[in-house]
Amino acid sequence: MKYSLGIDLGTTFSVVSIIDENGIPKVLNNAEGKTLTPSVIYFGDDEIIVGDGAKEMQAMGDNNIACFFKRNIGDENYVLQFGEKYYNAEDLSVIVLKKLKKDAEAFLKCEVSDAVITVPAYFNNLQRQSTINAGKRAGFNVLSILNEPTAAAIAYGMKDIKDKKNILVYDLGGGTFDVTLVRIEEEIIKVLSTDGDHELGGKDWDDRIAMYIGEKFFEKFGVNPMDDVEYYNDILVKCENAKKQLSQRESTDINVYYCDLKEKFTITRDMFVSLTGDLLQRTRSLSEDVIKSAGLFWEDIDGVLPVGGSTRMPMVLEFIREVSRKKPITGINVDEAVSIGAAIKASMENKNSNDKVMFTLGGYKKTEDVMSHSLGMVALDSQGKKYINSIIISKNKKIPCSERRPYQIRTGKNRNNVLEVYMLQGESEDISDCTVLGKYVFYDIDYVGRKPSVIDIEYAYNKNGVAKVSAVQRETGKKLPLKIEKIPENFKWDEELNEEEEIVHKNVVMAIDLSGSMRGTPLKEAIEASKTFID
Ligand code: ADP
Ligand code: MG
């Protein structure tokens with residue numbers, strides 16, 4: 001059988017699943033015999049270790065470690081050096097993906113290349129493209145990119161829900177928080193709205209314990225072990241373990257030895273809750289934004305589906321119960337749901353899948369997803385005074401989708417006529433709050449005489465949530481070639497504007513009465529008058 005993998009490429013842990021020959025989802029074991037592979041890489045002198053081995057080296061205080069790099073994927077300025085080599089987050093993801101591929105092949109005893117890789121729903125264009133690249137570079141045929149909460153909803157939705165339900169997927173992982181509202185119907189799973197914070201996750205809970213310990217240690221001894229990089233990692237690992245223990249019991253101890261000084265700290269659940277209460281409140285406001293943007297209220301939510309390792313913390317479940325006034329949904333493995341959902345999607349997308357799988361996956365539903373970022377372009381504001389983000393496709397619109405806008409440009413006879421479009425992702429009118437995707441330059445625009453040429457530009461999100469822009473010259477019907485250029489980091493939009501001060505862009509709307517009484521000379525005069533006005 002030809003398998004397709006569902007890969008949850010997590011910030012802290014990665015998980016790989018398949019749909020087996022009987023149509024049953026199965027989570028694969030890695031070479032260490034475990035289902036969770038830490039997304040951690042150790043760079044030794046002559047070897048690179050990924051997963052548990054790397055995490056052990058980290059716990060021992062070794063600094064040749066890369067972790068949490070998913071937070072920086074798509075960011076060119078994030079570069080780590082190990083030995084003589086430099087790595088960006090995409091390079092590091094390739095290393096993890098190669099290990100996942102190798103282990104899956106060893107487990108399944110056959111080669112696999114087709115895969116669906118999951119990403120946080122709020123990943124922007126650069127982050128999605130970089131993830132697709134990483135998959136390709138690791139040797140995968142990336143069938144699609146799937147939003148993690150949608151994947152979790154697919155795994156849950158497979159359980160044959162007959163009645164219509166609004167489910168809030170609450171995914172609190174190691175470094176990220178993702179919240180998505182889905183409507184599960186008999187045949188379809190529709191994502192209604194989604195949001196998230198990529199700087200909020202279990203690690204922040206660990207950090208709070210570490211900060212507390214550092215401060216107390218300092219109060220007593222006048223030194224803070226957290227200021228020492230050698231001990232920093234070691235203490236963080238201890239704090240993460242303590243956090244996990246607090247999911248089982250009421251209190252736990254952390255022993256810190258530093259510079260011949262020794263102290264035992266007892267952390268209780270109550271202390272832990274008060275150290276981290278504001279973090280939970282941040283998940284609350286994001287959840288409420290998502291519900292509100294779908295035009296719903298908490299009362300309309302039939303259940304909250306906890307996903308991600310951090311939802312094992314009892315405070316999270318209590319919090320969900322309190323805000324939703326309902327018991328959180330159980331019965332789904334919080335670590336595995338995302339990769340299982342991806343495997344279901346992969347096996348449905350893969351045309352080579354056999355009919356038996358299709359048949360057994362009877363509970364499978366179609367999915368409809370949305371993007372969590374609006375797609376816009378740089379445009380002049382209505383006064384022509386400053387550049388703003390003009391939104392073309394609003395967030396939470398069903399994908400794939402597209403919008404077309406006409407532009408007029410004057411063409412010259414013996415020159416390369418080009419049209420430049422600056423694409424953005426973000427909600428704010430202020431460009432500095434948005435992610436600039438690039439400068440899209442359409443060239444080879446044909447000369448069409450004195451009157452301006454009309455270029456129809458189509459903006460689109462494809463099924464992976466990747467932005468696409470294309471243009472057609474209306475007079476010639478020609479699809480224009482495109483090159484995407486990078487914009488320098490310190491590009492100043494408004495300086496550019498000052499240089500071109502004499503050009504004032506204006507929108508003019510003309511209305512001409514076309515009723516019967518205008519027939520003949522009056523209409524001709526009206527058309528002449530508008531021409532004179534334009535001149
Ligand atoms: P990601 O999707 O970001 O890779 P996961 O969903 O795998 O993350 O969750 C990892 C996080 O879950 C880590 O911060 C880890 O410490 C936390 N975690 C795992 N098990 C527990 C537990 N029993 N109690 C509390 N937190 C846990
Ligand atoms: Mg996750």
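The following exercises concern cavities and salt bridges in a predicted model.

**Exercise 1.** Determine how many cavities of 30 Å³ or more the structure holds, and describe the lining of the largest cavity.

*Solution.* The structure contains 4 cavities of 30 Å³ or more. The volume of the largest cavity is about 100 Å³. It is lined by 15 residues, of which Leu9, Gly10, Phe69, Lys70 and Ser93 are the closest to its centre. Helix H2 (89-108) and strand E10 (114-119) are the elements that give two or more residues to this lining. By class, the lining of the largest cavity comprises 7 nonpolar, 7 polar and 1 charged residues.

**Exercise 2.** Identify the elements that give two or more residues to the lining of the second largest cavity.

*Solution.* The second largest cavity holds about 70 Å³ of space. Its lining residues include Ser14, Val15, Val16, Leu100, Asp103 and Ala104. The elements sought are strand E2 (13-19) and H2. Asp103 also belongs to a network of salt bridges with Glu32 and Lys99.

**Exercise 3.** Locate the partners of the salt bridge between Glu240 and Lys55, and classify each as buried, partly exposed or exposed.

*Solution.* The closest N and O atoms of this pair are 3.5 Å apart. Glu240 lies in helix H6 (residues 229-246) and Lys55 in helix H1 (residues 52-59), 185 residues apart. Buried means under 20% relative accessible area. Glu240 has 16% relative accessibility and therefore counts as buried. Lys55, at 24%, counts as partly exposed.

**Exercise 4.** Classify Arg183 and Glu185, which meet in a salt bridge, by accessibility.

*Solution.* Their side chains meet at 3.2 Å, N to O. Arg183 is partly exposed at 23% relative accessibility, whereas Glu185 is buried at 16%.

Notes: Residues are numbered from 1 along each chain as its sequence is written. Chains are lettered from A and ligands numbered from 1 in the order in which they are written. This is a predicted model: local features need pLDDT of at least 70, side-chain atom pairs count only at pLDDT 80 or more; totals for chains, interfaces and linings use all residues. Side-chain values use heavy atoms; hydrogens and water are left out. On a 1 Å grid over the protein atoms alone, a cavity is a set of points where a 1.4 Å probe fits but cannot get out, and a pocket is an open set with protein on both sides within 12 Å along at least five of seven lines; lining residues have an atom within 4 Å of a point. Grid points are joined across faces, edges and corners, and a volume is the space filled by probe spheres set on the points. Helices (H or I, at least four residues) and strands (E, at least two) are DSSP runs, numbered from the N terminus. Ala, Val, Leu, Ile, Met, Phe, Trp, Tyr, Cys and Pro count as nonpolar, Asp, Glu, Lys and Arg as charged, and the others, Gly among them, as polar. A salt bridge is a side-chain nitrogen of Lys or Arg within 4 Å of a carboxyl oxygen of Asp or Glu. Buried means under 20% relative accessible area, exposed over 50%, partly exposed in between (1.4 Å probe, protein chains only).
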